[in-house]
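Got the viewer open? Here is a short tour, one selection at a time.

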Amino acid sequence: MSEPPEPATRGGAATDDERAVPSAATPEPDSRARSLTGDKAAVLARGASLEARVDQQTRENLQQWIQCFGTVHFDVDQGPTLQLLYPHVPFSSSEREAICFSSMPDSTIYELCDSVYTFNFRVDPVRLGLAKDSIFLHGYVFFRQKRDPLMRRGGFQRAVVVISHLPYHGLFGRLACILGPLYFDLGTAILEAAVHNVASWPRPAAGGAYELPFLGSALSVELPARDASQLLETSRFPLERFDPGEHIMAGVACDGLLRSFRDALDDLWGCWELMILGESLVVLADSPSRCAEAIVGLVDVIFPIRYCGDWRPYFTIQDPDLRAIVSKTRVPPNTVVGVSNPFFSEALGHWPHKLFLGSSERMAQMVGRAGEASSATSPARPGLQTKRRPAVAPDRAFMEQLRSSLRTGRQTPWAANNALRRHFMGLTAQFLSPLDRYFATLIPTVRSSTAIPARETAAWMRRRSASAPADSDCVESLSWFAAPGPLRPWRTDDFMASLASLGISPQLAGRGQATTAADVLASVFSGSGSSSGAVAGSSDTPRRARHGRVSDEWQQLYGQFLTCGNFATWLAHRTEEAQRAVQARFQAELERGDMHAWCRGYDYPLGLGAAQLEAELDEQELATMDLGQGAQHVRHVFYHGAAADERARAERRRRQMLREQQARLAGSERPVYGSDGALVGYTQRAARAPARDAEGPAMPARRKQLGQRAAQARRGAAAMAQAARQLGALAEGSRDGAALRRQLSVLLEYLPAAAGRAFAGLADGF
């Protein structure tokens, strides 16, 4: 069997002897050889012709998904060359170099092969018109190394790359697999078809499912939901009939984690811990695809923690950031790089954590120690090399079950990979459960618009109303209009005290059974304050673990996490998430509250149906009632106490109002007063259909007047003005502010006209 062609040295030209003396074994290049070695004029002409056929709308639609396609080939005189970017993107020279060299495998393993992998490269987002936080783009490569006697060195190296701002490794890796072989068979014309296919796709939406056409294939794709990771169990695809050839989970390589760690599965727990702490790690693998899959998988398994630093699935010695990452005297913080060049085994030998992936023979070949490949002390032995003692021990039972299912064929590789990812995501959720438990105590409460606080009895409310000034705009006078306060600050001492008191998950401490991420989240947000261990096993064991002493190594691990960048990233994300949730709850309360009742002086209308009303009236005094819009519906009841001498009168009033309900609903909206002159309630009904004249056109609806109900207001003008400002600001900042504008419209009927004019433009009907 003949030897494979030896590619030229990466990044350099052929030697002087090779250029000066034509070899007998190297035929004179013909027209095909000249094309393959880079006829720049022809390439530029083809690129200009293709570019002219891309209009602005096609470009905008395409860039919802990807930025461009690129082609790279290895020129024996110039090294890796970026032949074409289609459509054109104004990358800088350093960005173009990063694309060139990252698309060519940087390794001493020479094989005739096709390889698919991914890399990240740094860009200037402002110059490229990207989001400000998009400082890295992702390249998805199909690389081919093939024997060709027409080439000067007997073979060629070429690559097709898909460049995108979206981390959809499963989807764009598949695109590269489809596009690469077609490009090598059909040439640049296939790129035009690929561009128009992608430009025809609908706008990507988080969690969306699509049937996407691409070069004769129909791709069934599901995108990851916002702030979520994809698992087979949560996918829309059928679990029993899932086929990675037909179904694509865009954010996940179907079996990448298991395939990359198949020779070092025991070390995955140690790597998980290093990733949790944001430690720097170098992954030295025998191929770009293996190190890229390993790093993408490690970033994925710590979800929902987002890795805070610089992670490079594949990194080369010609990368523009080489000097920032490779140094003889220091280790850059929060950095994970994947490499296949043996140069890095020495250049990064002082890094505290190194992961070798690949068979012993292949790793020894890379570092030039084939004779020592079988030695247990050889640095080429696959696995994690670190001086850190991990706090989490590997789950031997889980590993044996996983390996057994693969050996016997009971589980497909992608199902086993899914189980492995699910295991570590559950581990991450359990690690975060004490932090989530403490963080929940920092979130402010939102006052309900339909529930009466226990302490605010009728007597207390009457005393407060009597003592408060008429125009008081204090927080209490706003009741459910009072915006929730900010989140309380995180205090490390308080958290560590909570950790010591409530403990950690039994699985993390090496006790109890495994729990799922769903169980952990359910326990954290159930309001019971129990730790995630309470879901795992029996009631006694988790209780002892929860209240027992946390070991020193776990206290140290949490202490290290609180000082690393991953914690800062997690806390910022959780804070933003909590603020959005609190604001959404507050807005929902504003939308469902009874504005008429609030303006008339009642703080807490309690939503009741007609059946509930009958039961409630037997025990509570009815002071006033809003009879709602339907004949069988009583919307709100307001309680002002239960004085014994008024109970009989309340019962008579209740019966009278129920008998006359239909009559009152037929009338126009107006206040209803009792025989003693006190306000009993008011009626509401749906707006009548606009009257029509004899010719048929609808008469214009009567416009509301500012302050038309000011005489009925029992709320201070300053408090109502503050509420109007709040409603106006929320309505302007909301995507759908119709309900808020309706509430503001009602409020402006009670607010004096002079004060309400500033808000009339935001409300409906004025």
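A contact, on this tour, means heavy atoms within 4.5 Å. This is a predicted model, where local features need pLDDT of at least 70, side-chain atom pairs count only at pLDDT 80 or more, and totals for chains, interfaces and linings use all residues. Residues are numbered from 1 along each chain as its sequence is written, and side-chain values use heavy atoms, with hydrogens and water left out.

Start by selecting Asp-267. You'll find Asp-267 in the loop between α9 (256–260) and α10 (268–276); helices (H or I, at least four residues) and strands (E, at least two) are DSSP runs, numbered from the N terminus. Leaving aside residues up to four places away in sequence, Asp-267 touches Gly-383 and Leu-384. Add Pro-394 to the selection: Asp-267 and Pro-394 are 127 residues apart in sequence, yet 7.8 Å apart in space, C-alpha to C-alpha. How accessible is Asp-267? Its relative accessibility is 22%, so it counts as partly exposed (buried is under 20% relative accessible area, exposed over 50%, partly exposed in between, with a 1.4 Å probe and protein chains only).

Next, the largest nonpolar core. A nonpolar core is a set of buried Ala, Val, Leu, Ile, Met, Phe, Trp, Tyr and Cys residues joined through side-chain atoms within 4.5 Å. This one has 90 residues, and Phe-91, Phe-431, Leu-435, Trp-490, Trp-554 and Phe-561 touch the most other members. Colour helix α16 (residues 413–439), which gives the most to this core, with 10 residues. Apart from this core lies another, of 38 residues, including Leu-179 and Tyr-183.

Back to Phe-431: beyond residues up to four places away in sequence, its contacts are Trp-272, Ile-276, Leu-508, Trp-554, Leu-557, Tyr-558 and Phe-561. Phe-431 also belongs to an aromatic cluster, whose members include Trp-272, Tyr-438, Trp-490, Phe-495 and Trp-570.

Now show the aromatic rings. Rings of Phe, Tyr and Trp (its six-membered ring) pair if their centres lie within 6.5 Å; planes under 30 degrees apart count as stacked, over 60 as edge-to-face and the rest as tilted. The whole structure holds 27 aromatic pairs. Pick Trp-65 and Tyr-210: their ring centres are 6.1 Å apart and the planes sit at 85°, so this pair is edge-to-face. Trp-65 is in the loop between α4 (56–62) and β1 (68–75) and Tyr-210 in strand β6 (residues 209–214), so the pair ties together parts 145 residues apart in sequence. Both residues are buried.

Last stop: Trp-490 and Phe-495, with ring centres 5.4 Å apart and planes at 35°, so this pair is tilted. Trp-490 counts as buried at 16% relative accessibility, and Phe-495 is buried at 0% relative accessible area.
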